[in-house]
Each structure stands twice: as structure tokens, then as C-alpha cells.
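User: I would like to go through the labels used for this structure and see what each one rests on. Please set each value against its cut-off.

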Amino acid sequence: MLGPRPTVAGPAEAHHAPLTAPGATRAIRAMEAVLERVLEARLRQARDTDAVFGLDMADRLAAYVRRGGKRLRTAFVWCGWRAAGGSGDASAVLHTGAALELLQACALIHDDVMDGSPLRRGAPAMHVDFAHGHRAGRTGASAESFGTSAAVLAGDLALAWADDLLTETALASPHGPRLFEEWRAMRTEMVAGQYRDLRAQASGSSGAEEAQTIAVLKSARYTVARPLALGASLAGADARTLGALRAAGRCAGLAFQLRDDLLGAFGDPALTGKPADEDLRSRKLTPLLAVAVRLAEATGDRDAAAALAPDADARPGHTLERMRAALERTGARAEVEARIADLAASGLRHFEATGAAPGVRREFAALVGRASGVAPRQAEELV
């Protein structure tokens, strides 16, 4: 049973009240309680700073974070910690997970601004929400411009909250310097991946190598590899364990990204909480698109190549139908599905090399299955 939950304002105080998490699911629930305390503390500070800012900006951001998501990064932090021998007081693990959720809010808010995405987590994206509020105020300035600017600031605020929490956690941990190094590297990789994504869209690139680079920087490391390493750092992991976790995280993270690419092209918005045609409409460079272009060129499928080209027919409905058909007909969808299964299995093999206990390996397999869409039993059979 979970022990007393610490107040969030000072992670150093939390370590006086051991909080154990015997499983990833319970770790997520415990992290939610920590995150709620973090948000309450930050909201009080925001309201004390300025009432209008607190109401318009901080309250909106807190509501956005509370809408949640899969919380996978927290679970992977826990798995990394346990794989490296972590046990007992999990307070630093939970605070690190909460910091990741705040960082994720920053990433999603800014990503939606850059992509012009109208929906996130089944509700209006942050810039759309701000624009709606601005229209309701009936002022003369552009609602869209206001919404974009305000959302950028909301993302910045989420990043500030995340950095504050991670710094407090690192200062309270004997492994703080290693934790901070992983965090610093992850933030830079995340921005690098986002920039490469923007650059590829602007240039109309279809290169498989570039698509892979973006997927690794923007998703594989950020979603799985770095969270595993953050958790392992809190347990004082040795180089061998960290190496195995990084390899496991890269494979599992790529499987996650490839599944996300498929959902971006074929998913149901009612289930994903975001538009299903967004990646296709913007011709975002994904491994799925790169595979389809390669196969179209290799087989001489001119119709598929034309549908996937940067200068394809600009009529939205016509373009999307042709692109989906091309992804199916070239075999790109099937190839990516097979690659997801291979990557999921490779991730499990690398994780096993850490020497983690069977229960922790089962937890990791379940998480990989959840992230990649490959059922845990199916993934284990592929090993």
C-alpha cells in the first residue's frame, strides 16, 4: 500500500515520507497525486503574481495537464528505476514523472501551434481555446494571432514548471547531477527533432534517413529511452544497465512512433483525440511516408508516387483519399506494421539484458504493447 503522499512544494520534504510503487500502474496513480499537488502550488504562485494571468493562463494550463494522456513516460521512468535496482522510496521517481508530464504539455501545445492542429486530447487545442475566448471578448484584434501568441506563452509556462520541478527533485537526490544531465540532453533532442520535422516539411523531403532521424530525436528518445534513463539514473545505474535501457528505449520508442504514424493516417479521431488526416494533409515526413515513396518508386507505381509527392493535387478530399490508397497499395502500411512488431520484440530483448526481475520485465512488455499496439503476449512470442 502506498505510504503518505508528500506535499509538492518541496521535493526535499517528500523524501522524509517514503512512498513506494510496486507496479507501473500504481506508480502512475501515485504520480497523478503528486502532479495535482504541483499544479495547486503553481496555481497559487500564479494567482499571487497576477490575478488575470492566473485565471487566463495558469488555470487553462492546469486544466490542460489534468486532461491527461497515456502517462507512459512516468511508467517508463518507473521501469528504468526498477530495472536498475531501485526500491523503497519512489518519491523522486514520481516527481520526475510529474515533471515529464509538464514537459509533455509544453511539447504538445507548441506542436499544435506549429502544425495548426485544432484538436488535442479530444478538446480544442490550446491556441484554439485562447482564440475562442478572445472572440467572446469582442475585441478588435485578430483572435487567431492572440490565440497563437498566448499558446506559445502557455507552453513556455509549462516548460518553466517542468524545469522547476525537475531541478528541485535533482537537488534533493544523491543522483541529482546524473538526473539533470539526462533531462538536459532530452530537452535539446526534443527541440532538435521538432526543428528537423519543420525543416523536412518546408523542403518537401521524402528521405527515409531523415524520417528516421526525426522519429528518433522527436519521439523514440523522448518518449521511452530518456524516461528509462531518467529512472535508472535515480537508482545509480551502471553503464551496462544504462546501455541496455537506451537500446530498449530506442526500439520501443520507434515502435511507438510508427504506431502513431499509422494512427495519424488511418486512426479514428474519436479514439485518438486528434484529427486523423493531419499528417497527410501537411505531408509530414514520417517513416510511413518515406516507406511508401520508396516502394512506389521501386515498383514504378506512378499514381502512388504522384499522390505522395509534395505538389500533389491540392483538393483536400481528393488528396487524402489518394494518399491513403497509396499507403495501402504500395504495401507501406503492411511493412510498417511488421516493423513495429520487430522493434517491440527487440525492445524486450534489450530490456531483458538489464537483468531486471521477471515482474519488471512483464511490466515493460505490457507498456511496450500499450505504446506500440502489439499485444504483450504477441510481443513476447516474437522474442
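The turns below take the labels one by one.

Analyst: This is a predicted model, in which local features need pLDDT of at least 70 and side-chain atom pairs count only at pLDDT 80 or more, while totals for chains, interfaces and linings use all residues. Residues are numbered from 1 along each chain as its sequence is written, and side-chain values use heavy atoms, with hydrogens and water left out.

User: How many helices and strands are there in the protein?

Analyst: The protein has 18 helices and two strands. Helices (H or I, at least four residues) and strands (E, at least two) are DSSP runs, numbered from the N terminus.

User: What makes Tyr222 count as buried or exposed?

Analyst: Buried means under 20% relative accessible area, exposed means over 50%, and partly exposed is in between, with a 1.4 Å probe and protein chains only. Tyr222 has 4% relative accessibility, so Tyr222 counts as buried. Tyr222 lies in helix H9, residues 208-234. Leaving out residues up to four places away in sequence, Tyr222 touches Arg73, Leu100, Leu103, Gln104, Ala107, Met186, Met190, Leu217 and Pro227; contact means heavy atoms within 4.5 Å. The C-alpha atoms of Tyr222 and Gly253 are 8.0 Å apart in space, with their positions 31 residues apart in sequence counted as the separation.

User: Why is Arg226 given the label it has, buried or exposed?

Analyst: Arg226 counts as buried because its relative accessibility is 14%. Arg226 lies in helix H9. Not counting residues up to four places away in sequence, Arg226 touches Glu182, Ala185, Met186, Glu189, Arg221 and Arg246.

User: And Arg283, buried or exposed?

Analyst: Arg283 has a relative accessible area of 11%, and is therefore buried. Arg283 is placed in the loop between helix H12 (278-281) and helix H13 (287-299). Beyond residues up to four places away in sequence, Arg283 touches Gln201, Gly204, Ser205, Ser206, Leu289, Val293, Leu308, Ala309, Pro310 and Met323.

User: Which label do Asp115 and Pro177 get, and why?

Analyst: Asp115 is at 23% relative accessibility, so Asp115 counts as partly exposed. Asp115 is found in helix H5, and touches Gln201 and Lys284 when residues up to four places away in sequence are not counted. The C-alpha atoms of Asp115 and Glu278 are separated by 8.4 Å, although the two are 163 residues apart along the chain. Pro177 is at 61% relative accessibility, and therefore counts as exposed. Pro177 lies in helix H8, residues 176-203.

User: Why is the pair H2 and H5 called what it is, in terms of direction?

Analyst: Helix H2 (residues 24-49) and helix H5 (residues 91-115) pack at an angle of about 65 degrees, with their axes 8 Å apart. Axes are lines fitted to C-alpha atoms, for helices over the stretch in contact, and angles run from 0 to 180 degrees between N-to-C directions. Angles under 35 degrees count as roughly parallel, over 145 as roughly antiparallel, 65 to 115 as roughly perpendicular and the rest as oblique. H2 and H5 are therefore roughly perpendicular to each other. Among the H2 residues in the contact are Ala27, Met31 and Leu39, and the H5 side includes Leu94, His95 and Glu101. The contact of H2 with H5 divides into ten nonpolar, two polar and one charged residue. Ala, Val, Leu, Ile, Met, Phe, Trp, Tyr, Cys and Pro count as nonpolar, Asp, Glu, Lys and Arg as charged, and the others, Gly among them, as polar.

User: How do you know which direction label fits H2 and H3?

Analyst: The axes of H2 and helix H3 (residues 51-66) come within 8 Å and cross at roughly 165 degrees. H2 and H3 are therefore roughly antiparallel to each other. H2 residues including Leu35, Glu36 and Arg47 meet H3 residues including Phe53, Asp59 and Arg66. In the contact of H2 with H3, nine residues are nonpolar, one is polar and five are charged.

User: How many of the residues of the protein count as buried?

Analyst: Of the 383 residues of the protein, 53% count as buried.
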